[in-house]
Amino acid sequence: DLRWSLGLLLDDKGEIEDLRPGSPAAAAGLAPGMTLVAVDGRGYTKKVLKETLRAGRDGTVERRATAST
């Protein structure tokens with residue numbers, strides 16, 4: 001549960017289900033309904049996210065819009 005460290009709650013596929021106002025995730029411009037696709041330049045998995053957090057790297061946030069069909 002990343003609500004207390006990053007301020008977000010993710011489902012198994014990386015979709016943001018909930019976001020704490022004022023959190024690092026909110027400051028990065030993330031919002032409920034968005035999906036994490038990469039963490040620190042690596043494809044998103046729970047393992048990659050945990051490794052990045054453990055390493056203490058700041059990482060980067062890149063937001064991309066996808067066209068709806």
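Glu51 and Arg42 join their side chains in a salt bridge, with N and O 2.8 Å apart. This is a predicted model, and the pair is one part of its set of three salt bridges. Both partners can be placed by their exposure: Glu51 is partly exposed at 28% relative accessible area, and Arg42 is partly exposed too, at 34%.

Glu51 has a further partner. Its side chain also meets that of Lys47 in a salt bridge, at 4.0 Å from N to O. Lys47 and Glu51 sit four residues apart in helix H2, so about one helical turn separates them. Lys47 itself is exposed, with a relative accessible area of 59%. Through these shared partners, Arg42, Lys47 and Glu51 become one salt-bridge network.

Here are the salt bridges side by side.

| Salt bridge | N to O distance |
|---|---|
| Glu51 and Arg42 | 2.8 Å |
| Lys47 and Glu51 | 4.0 Å |
| Lys46 and Asp12 | 3.0 Å |

Which parts of the chain does the pair Lys46 and Asp12 tie together? The two residues form a salt bridge whose closest N and O atoms are 3.0 Å apart. Lys46 belongs to helix H2 (residues 46-55), while Asp12 is in the loop between strand E1 (8-10) and strand E2 (16-19), so the bridge links parts that are 34 residues apart in sequence. As for exposure, Lys46 is partly exposed, at 43% relative accessibility, whereas Asp12 is exposed, at 65% relative accessible area.

Note on methods. Residues numbered from 1 in each chain as written. Predicted model: local features only at pLDDT ≥ 70, side-chain atom pairs only at ≥ 80, totals over all residues. Heavy atoms only, no water. Helix = DSSP H or I, 4+ residues; strand = E, 2+ residues; numbered from the N terminus. Buried < 20%, exposed > 50% of the residue type's maximum accessible area, 1.4 Å probe, protein only.
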